[in-house]
Amino acid sequence: MSKQHEQEQQAQSPAAGRHNGFVRDNNNDLNQSNAHLQQQLARMRRHNDALRQLVAQDMAILGLGTRLEQITRVISHTLDVERVGVWLYQSKRSAIKCIKLYEKSPDRFSNGAQLAAADHPTYFRALQKALVIDAHDALTDPRTSDSAASYFNPLGITSLLAVPIQQGKLVLGVLCLEHTGAQRHWDEDEENLAAAAANQIALALAWDKRSQIQTAADTPATHIERRQLSGEIQSPLEQREAQVRVSTLVAREIAGMPDLPQLYERIVTLIKEEFGYYYVQLLRYDPALDNVGLVVGYGEVGDRMLAMNHSMPMGVGVIGKAAAEGRSVLLGDVQEDPNWEPHNLLPDTRSELTVPIKVGDEVLGVIDVQSDRLHGLTEADQMLLEGLSGQLAIAIESTRLRQDMEDRLRELSSLQRFMSRSGWDDYRADRLRTSGYLFHRGDVQPVATVSPDLLPASLTSTAVNDPNQPDAATSDDAASQPAWVQPLTVRGEPIGRLVVASDGEQPLTADEEAFLQAVSQQVAEALEAARLFEQTQTALAEQERLSSELATVAKVSTAASTILEAEALLQAAVDLAQTSFNLSHAHIYLFKRDSNALELRAGAGDAGRLMTLEGRTIPLSADSLVARVARDRRGAILNDVQKSLEYIPHPMLTNGRSELAMPLVVGGSLIGVLDLLSDRVNRFSEQDMGIFSTLASQVAVAVQNAQLYAEQVATAEELRKIDQLKSEFLASMSHELRTPLNSIIGFADVLLEGIDGELNERMEQDVRLIRDSGSHLRALIGDILDMSKIEAGMMELSRERIAFGQLAEDVVRTAMPLAQDKSLYIKLKVAADIPAVYADHTRIRQVLWNMVGNAIKFTQEGGVTITVAANHQNDLVVRISDTGVGIRQSDLPLIFEQFRQVGGELNTSSSGGTGLGLPISRKLIELHGGSIQVESSMGEGTTFTFTLPASLPETA
């Protein structure tokens, strides 16, 4: 009952919390790890027990059938597999036959089932590779899926593990583990145990074959046949018998010897003495040095080589090659291998065999045997050592895992004891107000409040009250002790004592003492459970408080971040902080670099607002908590301001008892300080530091954003005024310049017409230049005036119904001479069903002319195509495409900027122009409710597309 109660307490312990609220998760992790390790250890013990059962039986007593029943039953129950069967190949390997099948649920054996290769081709191809088939989904695995309909589905088999049964390189059949129910993954330990079982089956089959030959009927015919076979098979059978015997001995040694060094020594000795090899040694792989080093060598030679730290680099020699490639290396005549080098301590070596010790694909080491006879080592020896190496690999890995788990269990046990001891130390120091409780004559009282006169003499003795004295129950002089004392322990750590006053006339009996010992364990467990529950509740309450405060921080931060006016933001922040956290005062000081001081800019409540109006400031060098926090850029707490010189009192702050200040910092720059006051001593804790640090960071960012927003608003207003002045200036200047320009152009025309007299040729050229320059300047001024009107919102559109096809033809006729001068074609394609457009005829013609003129200007070969059609929204779509030089992708965002030419320079394009044509065109299209886009590729041309809505806008 005590053990069960302890387990229940351990199951509850993950839910408990340490005094400071941190032990709950730690206990949970520790108990989960502990449970996992216990499961792993129990699993390993089951596997080791299974190995012992597999090798503990004698074939001479059991017979093949009983032996196979024993092996299949052990594997089925150890690995929890519903069906385990032994299948052997039939003649010509065209089928496999089940010679023994164990079914777990009905606990029965059967045989006789047969599978033909023709019906299961993929499965048989997988079997022929002599590799383990680990199909966790046997119905879809490509190695086994062709058996789903005829074999797996009718029997409910979902997962399959098939391990080849081999004698040397000859595959006799397969050991099949057939799982029903939910799919399962086969891990490495399960595969290793199944491989060990398959090896035992191979040994049993070899033994049975030999017995059949020896017990064959002694008829004249068989007598002659036996005599003929005797000379051929006697020697191999004797050798095989020795191999089976040694393999069984080694398997027993592995199953019963947990110490690896002793196991290595025993393996080497058995192999050497049973088979009479010249020399045997075992080497382990060292990842740090990337070599295999000697662990055990036989006899005096082995000791000497071990003293020499004998090792072999990976890939070098027979040993290094076997370790590097993970496969056995057999040299029947070592002299035939040009890379083989003799060892001075082993001069008589003539043949050598090295077998790797592997777990999966990982090489743990090698077994190396040497013979003093040519071809003294054969494939039979290789088969024997490969079987032994597989068992040895399982033992090495199992021992390593067991040692790792035992180490971790010890660490967990020590950690749990430390946690129990630390938890009770903290609990006694912070929560426990009494040293114990006294039950006397039906009344329970704390020991500290009971008068010594009421205590029996036995309960005031030194043995009871001094924990350093020996316990009465364990003292050498127990009879002299006046009270029975039993320690109360949790996980081996003492937490108190159970003391029972003894009666000199009627001392406690042995049964009563045994009962009290059992009760003491339950009392200890109950106390531990109560402590953990109380600490859990405390931790949960603390966690709830922190969560509530964090939620409040989020609420304050959200409210502050939505206010863009600095003064309103600061006031909202302090008001919310005061009310949300139940504080007496909250203030925000902003740092003024010009005066190197902190200025109070917002205070909560009436007192805070009055202090703000006073213009309260604190010099950065002042001996004040606020100033120190600003200097150090680190939060600080005064949990009793009356005991600190850093607290600056104020007549309006009469109820301040504790203070917390946090710096407002953004990107290393000091913004100010958040100062909080409470009317309770010790109001603020380290957890509060973290919470208010988050709040201060959010407020600092919000304050900086508000300041930047105010600066941006002021800058935008200044820019708007400057832009308006620019537009007014350009409009005024354009108007003033157009009148004299018109006069210059008019007088130039008069001179060219000869009204004032004939001009000679040179004079006529000069006057024409004057007129053309004036016309160009008038066009430039017109563009500037148009842009100024648009930006000032003074551009008025005179809308009317436009026949856009006719307008486009007029523009093409006007542009035709320009195109012909450059030998370019110009094409117009107008769809038949284009919609009617309500627009300013003059301005739309100006847009189209700008587009076509630009296209001709930047095209040297080919021509320009204008397409007019309607889109799916029945809007008018106009495309002007050319085959010109194109526009760089980096220049596309610039072409609609004022005074820009293609190429990105300001009024420096070799093609001429004001750089206002495209910006004016876009503005005019947008005023009509349309849009304009451009697509271009260097060397391939450019396409401008603008749209105009078909219907009259409501604002027209």
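I looked up the crossing of helices α21 and α22 in this predicted model, and I noted that the crossing is left-handed. The two helices, α21 covering residues 841-857 and α22 covering residues 917-927, pack at an angle of about 145°, and their axes lie 9 Å apart.

I then listed the residues that meet there: from α21 they are Arg-843, Ile-844, Gln-846, Val-847, Asn-850, Met-851 and Asn-854, and from α22 they are Gly-917, Leu-918, Ile-920, Ser-921, Leu-924 and Ile-925. Sorting the residues of this contact by character, I recorded seven nonpolar, five polar and one charged.

Next I turned to the nonpolar cores. The largest has 42 residues, and the members that touch the most others are Phe-804, Leu-848, Val-878, Ile-880 and Phe-946. I followed Phe-946 further and, leaving aside neighbours within four places in sequence, found Phe-946 in contact with Phe-804, Val-847, Leu-848, Leu-876, Val-877, Val-878, Ile-880, Ile-925, Ser-931 and Ile-932. I also entered a second, separate core of 30 residues, which includes Val-84, Leu-88, Ala-197 and Ala-202.

My last entry concerns helix α15, which runs over residues 566-580 and so has 15 residues by the program's helix assignment. From its first C-alpha to its last, α15 reaches 21 Å, close to the 21 Å expected at 1.5 Å a residue. I wrote down the buried residues of α15 as Leu-569, Leu-570, Gln-571, Ala-573, Val-574, Ala-577 and Gln-578. Just after α15, I noted that Asn-582 takes a positive phi of about 55°.

How values were computed
Residues numbered from 1 in each chain as written. Predicted model: local features only at pLDDT ≥ 70, side-chain atom pairs only at ≥ 80, totals over all residues. Heavy atoms only, no water. Core = buried A, V, L, I, M, F, W, Y, C linked by side-chain atoms within 4.5 Å. Buried < 20%, exposed > 50% of the residue type's maximum accessible area, 1.4 Å probe, protein only. Contact = heavy atoms within 4.5 Å. Helix = DSSP H or I, 4+ residues; strand = E, 2+ residues; numbered from the N terminus. Expected span 1.5 Å × (residues − 1). Axes fitted to C-alpha atoms, helices over the stretch in contact; angles between N-to-C directions. Left-handed = near helix turned anticlockwise from the far one by under 90°. Nonpolar A, V, L, I, M, F, W, Y, C, P; charged D, E, K, R; others polar.
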